[in-house]
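Open the model in your viewer and keep the selection panel at hand. This tour goes from the ligand to the empty spaces in the protein.

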Amino acid sequence: MPQLPLLDLEPQADDVVGECTAAMRASPRQLPCKFFYDRRGSQLFDRICELPEYYPTRTELAILHEHAPAMAARLGPRCLLIELGSGSSVKVRKLLDELVDPVGYMPIDISREHLLDAAGQIADAYPELDVQPICADYAQPMTLPEPTQPPQRRVAYFPGSTIGNLHPDEARRFLARVAGMVQQGGGLLIGVDLRKEPAVLEAAYNDAAGVTAAFNLNLLHRINREVGAGIDVDAFEHQAVWNGEASRVEMHLVARSDQHVALNGDTFHITVGESIRTECSYKHTLASFASLASEAFEVVDVWTDARQWFSVQYLEAK
Ligand code: AVJ
């Protein structure tokens, strides 16, 4: 197999201790959700996607399956597809199967090994396609390379409702950067999870088999593994709550007894019942998302499932 031309922007390794210490100083206490995804956390997340209660993955795949031809028609011929956080490049295949003469596929991912593996598999499956993997942190500003052929349109692909992890002001800044990346008239095809009954949402983040609980608690295990923090993980309990006012599901780790967490020379005292917030997963309405995006993008097409639980949206850069 020919070696793909990797563009390595040498993303900075995460400063786990520094960022966790800073987040623990906040009130209420927090830990950054991006640190869920070490090897064990990524395996647990893959299992979450298969859970009966976790509807987003299968709903998004069903929408893609049903509407990929319409999406491809919207993206048009000769587009350059840029995937933000491409991981295993699984969902994109449904699009690649339908696109007319795409000039290239640029998967961007922070994990070099995973990226090269996934990009190699895409190149094998689509021999006509120009695959240009980019190792970078898509959350940071970057300059994209020029594709080998001039594209009709640049389109960013951001599935999975990962945008839900961003607070509204962060989401607006992120969308503005993506609009700059695809240029005026370019597009963003994005998966956006929607507001629904709290019981459905809470079950999706607190499954009966306890996989999400293990995923949440793994964050403490990770900190222990990487920093030798000596946190008593069994002293914390997983909690997922719907915050209707902020329109987000929050995951917390609640202390079952008074705890001391030593990190980077700081000691944090956590009293029984106190919680550390580990993730916010915002749920939008079609109207609230259009308004969130409106500075940088116009929503042109929305595809949903029959229950309107999830949406895949095509936005055009202003
Ligand atoms: C990967 C951010 C979309 O918010 O649903 C799943 C992560 N957290 N279960 C989400 C997650 C708990 C997921 N995202």
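Three stops follow: the ligand site, a cavity and a pocket.

**Stop 1: the ligand**

Keep in mind that this is a predicted model. Select the ligand and show its surroundings. Which residues are around the ligand? They are Tyr-37, Phe-45, Ile-48, Tyr-54, Gly-160, Ser-161, Asn-165, Tyr-205, Phe-215, Met-251, Glu-279 and Ser-281.

Colour that shell by class. Seven of its residues are nonpolar, four are polar and one is charged. Now colour by domain. Domain 1 (9-53 + 198-282) gives at least three residues to the shell, and so does domain 2 (56-137 + 145-196 + 285-317). By secondary structure, α2 (39-48) and β11 (275-282) each supply at least two shell residues.

Next, pick out the polar side chains that reach the ligand.

- Tyr-54: an N or O atom of its side chain is 2.5 Å from an oxygen atom of the ligand.
- Glu-279: here a nitrogen atom of the ligand lies 2.6 Å from an N or O atom of the side chain.
- Ser-281: an N or O atom of the side chain is 2.7 Å from an oxygen atom of the ligand.

Is the ligand covered or open? On its own, the ligand has 350 Å² of accessible area, and the protein covers 95% of that.

**Stop 2: the cavity**

Hide the ligand and turn to enclosed space. Rolling a probe the size of a water molecule over the atoms reveals where empty space remains. How many cavities of 30 Å³ or more does the structure hold? It holds one. The largest cavity contains about 30 Å³ of space.

Select its lining: Met-24, Leu-31, Leu-220, Ile-223, Ile-231, Val-261, Leu-263 and Ile-276. Two elements, α8 (211-227) and β9 (259-263), each give two or more residues to this lining. Colour by class again. The cavity lining has eight nonpolar residues, with no polar and no charged ones.

**Stop 3: the second largest pocket**

Move on to an open space. The second largest pocket has a volume of about 210 Å³. Select Arg-78, Leu-96, Leu-99, Asp-101, Pro-102 and Val-103, which are among its lining residues. Then add Ala-125, Tyr-126, Pro-127, Glu-128, Leu-129 and Gln-149, which also line this pocket.

What classes make up this lining? Eight of the residues are nonpolar, one is polar and three are charged. Arg-78, Asp-101 and Glu-128 are worth showing as sticks, as they belong to the lining. Gln-149 can be added to that view, being part of the lining too.

Methods
Residues are numbered from 1 along each chain as its sequence is written. This is a predicted model: local features need pLDDT of at least 70, side-chain atom pairs count only at pLDDT 80 or more; totals for chains, interfaces and linings use all residues. Side-chain values use heavy atoms; hydrogens and water are left out. On a 1 Å grid over the protein atoms alone, a cavity is a set of points where a 1.4 Å probe fits but cannot get out, and a pocket is an open set with protein on both sides within 12 Å along at least five of seven lines; lining residues have an atom within 4 Å of a point. Grid points are joined across faces, edges and corners, and a volume is the space filled by probe spheres set on the points. Ala, Val, Leu, Ile, Met, Phe, Trp, Tyr, Cys and Pro count as nonpolar, Asp, Glu, Lys and Arg as charged, and the others, Gly among them, as polar. Helices (H or I, at least four residues) and strands (E, at least two) are DSSP runs, numbered from the N terminus. A residue is near a molecule or strand if one of its heavy atoms lies within 4 Å of it. A polar contact is a pair of N or O atoms within 3.5 Å; within protein, one must be able to donate a hydrogen and the other to accept it, and residues adjacent in sequence count only if both atoms are side-chain atoms. Accessible areas come from the Shrake-Rupley method with a 1.4 Å probe; for residues, only the protein chains shown count as cover. Domain bounds come from an automatic or database domain assignment.
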